[in-house]
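Dear colleague,

Please find the structure below, handed over for your consideration. My notes on what was found in it follow directly after.

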Amino acid sequence: MTLHFHGPYSFFLGDRSLFHSDYARDEGVYLWVIKDRSADINYIHYVGETTCFAKRQKEHAIQILGLNYQILDPESAVLGKHVIVWNGMWRDKSMDAIGRALEEYPSISQLLLEYIKLIDVFFAPTKLTNEIRKHLEGCIGWNLRNKHPDHKFFYPDDNHIGTLPNKLGHKLIITSDEEILGLDNELEI
């Protein structure tokens with residue numbers, strides 16, 4: 001089994017727009033990556049899977065713009081530093097979550113756009129069952145957490161990842177258009 005991650009793509013319009021990529025309507029596994037520009041290193045920020053690449057990224061963008069997701073300080077992130085400027089409403093279960101978001105929105109809105117701009121998206125198209133695709137997503141996430149703890153500082157520990165109860169007994173060969181730290185070339189799945 002193989003995955004090749006194409007990219008990087010961007011949420012913004014232009015040559016790298018994921019919404020106009022050849023894979024916009026494809027199913028697959030995707031990675032959000034933050035590049036430490038000072039060291040020219042790509043770090044995984046999120047691992048996901050989808051039945052429609054562009055549609056899923058639109059859903060993510062809506063969650064970011066709605067302050068539901070965590071937002072990192074862009075100036076720190078491009079230097080390889082993990083600094084949270086907004087923790088995300090989904091983590092705040094209090095009755096004051098919306099009120100705090102509305103109060104903070106004016107000061108966060110520009111940082112929010114810069115944060116979205118720094119996310120590079122890589123996409124590996126697949127033709128697999130939902131169950132297997134989700135398993136591959138989980139295997140990549142678990143491998144990053146367990147084998148590369150020093151490279152997962154942009155990847156939140158509370159991101160939900162799951163795998164099948166039993167391994168499939170196959171090897172997954174992974175390639176990418178760019179090197180991504182913490183993404184192994186081969187995984188036992």
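I begin with helix α1, in which Phe53, Ala54, Gln57, His60, Ala61 and Ile64 are buried. Please bear in mind throughout that this is a predicted model. Viewed down the axis of α1, the buried residues fall within an arc of 120°, so they line one face of the helix. Lys55, Lys58 and Ile62, on the other side of α1, are exposed.

What do the buried residues of α1 pack against? Their partners are the strands β1, β2, β3, β4 (71-72) and β6, together with helix α3. In length, α1 comprises 13 residues and reaches 18 Å from its first C-alpha to its last, close to the 18 Å expected at 1.5 Å a residue. Just after this helix, Leu67 adopts a positive phi of about 60°.

I turn next to the sheet. It is open and has 6 strands in the order β3-β2-β6-β1-β7-β8, with mixed pairing. Its edge strands are β3 and β8 (186-188), each of which pairs on one side only. From one strand to the next, the twist averages 25°. At the β3 edge, strand β2 (residues 28-36) runs antiparallel to β3 and is joined to it by 9 bridges. Within this pairing, Leu31 has Val47 in β3 as its bridge partner.

Helix α1 (residues 53-65) packs on this sheet, where it touches β1 (2-9), β2, β3 and β6 (119-125). The direction of α1 makes about 50° with that of β2. A further helix, α3 (residues 97-118), lies across β2, β3 and β6 and runs at about 40° to β6.

One residue of the edge strand deserves a separate note. Thr50 is found in strand β3, which covers residues 41-50. Is Thr50 buried or exposed? Its relative accessibility is 6%, and because buried means under 20%, Thr50 counts as buried. A polar atom of the Thr50 side chain lies 3.0 Å from the backbone nitrogen of Cys52. Leaving aside residues up to four places away in sequence, Thr50 touches Asp26, Glu27, Gly28, Tyr30, Arg56, Phe123 and Arg133. Among these contacts, Gly28 and Tyr30 lie in the range of β2 (residues 28-36), Arg56 in that of α1 (residues 53-65), and Phe123 in that of β6 (119-125).

With kind regards

Technical notes
Residues numbered from 1 in each chain as written. Predicted model: local features only at pLDDT ≥ 70, side-chain atom pairs only at ≥ 80, totals over all residues. Heavy atoms only, no water. Helix = DSSP H or I, 4+ residues; strand = E, 2+ residues; numbered from the N terminus. Buried < 20%, exposed > 50% of the residue type's maximum accessible area, 1.4 Å probe, protein only. Polar contact = N/O pair within 3.5 Å; in protein donor to acceptor, adjacent residues only side chain to side chain. Contact = heavy atoms within 4.5 Å. Pairing = 2+ DSSP bridges. Axes fitted to C-alpha atoms, helices over the stretch in contact; angles between N-to-C directions. Expected span 1.5 Å × (residues − 1). Arc of directions from axis to C-beta.
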